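Colleague: Could you walk me through this one? I would like to start with how the chains meet and then move on to the rest.

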2 protein chains.
Amino acid sequence: MAQQEVQRQRPSIHDVASHAGVSAATVSKVLAGVTTVKPENAQRVLDAVELLGYRVDPLASDMRRAKRRIIGAIMPEFESEFFGQMVSELEGFAEQRGYTLVAASSRESEAREKEILARMHDWRVAGVVLAPVRNEHGPAAGFMKANGMTGVLIDRVLADDAFDTVSADSAAASAEVARALVGQGHRHILVVGLGQQAATVRARLEGFRNTALDLAPDVRIDVVLCESDVEPLRTLLRDYFSKREAGGDRPTAVYSLFLKGTLVALSEFRRRGWHCPNDISLVGFDDAEWMQVTWPAIAAVVQPVREIAGNAMEVLFRRIEGEGGPPRARLEPCKVLMRESVGSPGSVPHSGGGDRQ
Amino acid sequence: MAQQEVQRQRPSIHDVASHAGVSAATVSKVLAGVTTVKPENAQRVLDAVELLGYRVDPLASDMRRAKRRIIGAIMPEFESEFFGQMVSELEGFAEQRGYTLVAASSRESEAREKEILARMHDWRVAGVVLAPVRNEHGPAAGFMKANGMTGVLIDRVLADDAFDTVSADSAAASAEVARALVGQGHRHILVVGLGQQAATVRARLEGFRNTALDLAPDVRIDVVLCESDVEPLRTLLRDYFSKREAGGDRPTAVYSLFLKGTLVALSEFRRRGWHCPNDISLVGFDDAEWMQVTWPAIAAVVQPVREIAGNAMEVLFRRIEGEGGPPRARLEPCKVLMRESVGSPGSVPHSGGGDRQ
DNA sequence: CAACTGCGAAAAATCGATTTATCGAATTAA
DNA sequence: TTAATTCGATAAATCGATTTTTCGCAGTTG
């Protein structure tokens, strides 16, 4: 019984050392690839490692260094495809370099964001990938700055004076959406956004508006912003459409600047019995798997998740290794997938009616 | 400069000790809540902690114990709402008890699953929540057993002789779906599943079949299983429907046993121009946010994610604390949301095609 | 008054690795 | 032959906590 318990106990570097008839320091050196070890001894160490099934304890190994081989990732949520993919990619890149990724969800709360960051600081993580709830100027980024932490900001950020940033080029993507919609003949478009993410929303809005006005100076762009939560948007949108319908000047297309907005817009269309693209066109920022199997398929801006994750990790590790220089703001190009939810205003149903009546 | 560097360095327990004029052991005891410390000294310690902004280094703190305050979570993927929510919930529960959750995605690979598990074993995690790719008999569970790890298996599992399991009561939910479909008059139903998850699929299938046959002995149930990947399903389903349509005996309803199957079924309907529920009814296992905003809204089985996560953590911590006894298999009840994608076979479109409000 | 009991706190061992300082033997140079 | 290098490896310090052991002092007791 006690014997089994002992067997359960994992071998330490000292067990390996005594089995190989050398010191622990020598074992450590062999495993680290130092070449000043006699080949004969090195072989005995490797044999002992094999025999005992020894593996380095990463926790003990990290004890001595100031920066541990841990990367922290903080996302606003885990429930969406976008952040799910992001975490998955980040994990892969961290693993490639022998780092462990610890991911946490701030649940769209800046307070929680900061708490999580403090905990990661306690762990003395080597670096942090932070996707802030609002933008780059929140308390979390301040905390990182104040404590000299290494990090990258992603997604809902534009540029920062202390940290590198990596995000989708949403202004360019929005411009492309504008070209598509105006090109189809739309002259009255509603843009739906989340006020909380001021900077990102502004970039998307400006990218859209500038291009649209450039192509058609007579275009009318309405904007509906909900401040913090998504729930109020439902009401806002309902009121907006009621008013516009009463006035007889309702928009012929909607561009939603965030995923939940697309869902809310769709369900509002649904409530009113409007069909895409016959009654109204719809484009959403952020793609999702289901968008291509619905009637109709929803047009969307696809963010380059893998590229964002890869570049974020790349720049993060460069900073961890001590690279200096001013912070850089990277923008990764998006793809715009124009699906059937977009048509010309007032067009008659094409074959099958987009959803047969 | 050097001064600033020193300031950057976080204070250790010894810094606190010397500031308070006591030994490190005393500081540790105060922070652990030991009462045998003179109140006066305790106060001085707390003041020093406050002054220096001291926080315990969890890594160093964990060094001495055999089981560290880390919980590992292994999910087949992070991209779906289900596992995203699951990780989010697990993280919350771990945090409540002062543990850190390290989540990793096996990316639907059993080999990777085992590798991740080995890495978590290296970290000497206190326990693991494993959502296996296939079922409870995979190599990962074997590894856990062989190494005496503490763990719970969730989701794609039924029961195990070594580990506690927590999963959705999919048999009961499937029975409810059967009652609904048969009750609506369906007598020819296609069930779509993933062969890989043998046990779970069998439970769902049997739950469905038994109840359906019980209610209507003349009901015909076809089954299309794809083995490992989802991609082949597209072809399988296409062939199946082609054959059935040629034979003039195509099913009037589809019950998909997993989320991606629901998506594939929908897109196949779409390709053929079939509409729910007029041309065919659809129910899917696993709910998603988008299902209630599409035309029509898709009926789905909702898994009790929070309950599964909560119970998994509960039983895991009990085992960590040394509770003995045989492993228990928990089943959590699901909710079935019957939305508009389900109707009577051959029913005519109701007003507006089942979607105008 | 010596021995005993307790209390509170300090000293030291421990966890499992890495890294620096040290040391002995073999080799080379003077 | 002796001193100076060089090489390989070991002993010891270190990281930052926790836990066990030891210790000094005050108060009791026989």
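Modeller: Gladly, and please keep in mind that this is a predicted model. In the contact, chain A takes part with 42 residues and chain B with 43 residues.

Colleague: Which element of chain A gives the most to the side that touches chain B?

Modeller: Four elements of chain A each bring at least two residues to that side: α5, α6 (81–96), β2 (100–105) and α12 (259–272). By class, the side holds 16 nonpolar, 11 polar and 15 charged residues. With six residues, the element that gives the most is α6(A).

Colleague: Thanks! And which element gives the most to the surface near DNA strand C?

Modeller: Both chains come into play here, since at least two residues each are supplied by α3 (24–32) and α5 (58–63) of chain A and by α3 (24–32) of chain B. Of the 24 residues around the strand, those that come nearest are A:S12, A:A25, A:S28, B:S23 and B:K38. The surface has 12 nonpolar, seven polar and five charged residues. Giving the most, with six residues, is α3(A).

Colleague: Now the interior: which residues is B:V129 in contact with, leaving aside its neighbours within four places in sequence?

Modeller: The largest nonpolar core has 186 residues, and B:V129 is one of those touching the most other members, along with A:L90, A:V129, A:A312, B:L90 and B:A312. With those sequence neighbours left aside, the contacts of B:V129 are B:I71, B:A73, B:L90, B:V152, B:I154, B:A312 and B:L316.

Colleague: How many residues are in the other core, apart from that one?

Modeller: Among its members are A:V16, A:A20, A:V27 and A:V45. This separate core has 10 residues.

Key
Residues are numbered from 1 along each chain as its sequence is written. Chains are lettered from A and ligands numbered from 1 in the order in which they are written. This is a predicted model: local features need pLDDT of at least 70, side-chain atom pairs count only at pLDDT 80 or more; totals for chains, interfaces and linings use all residues. A nonpolar core is a set of buried Ala, Val, Leu, Ile, Met, Phe, Trp, Tyr and Cys residues joined through C-beta atoms within 7 Å. A residue is buried if 20 or more other C-beta atoms lie within 10 Å of its own, exposed if 12 or fewer, and partly exposed in between; C-beta atoms are placed from the backbone. Two residues are in contact if their C-beta atoms, placed from the backbone, lie within 7 Å. A residue is near a molecule or strand if its C-beta atom, placed from the backbone, lies within 6 Å of it. Ala, Val, Leu, Ile, Met, Phe, Trp, Tyr, Cys and Pro count as nonpolar, Asp, Glu, Lys and Arg as charged, and the others, Gly among them, as polar.
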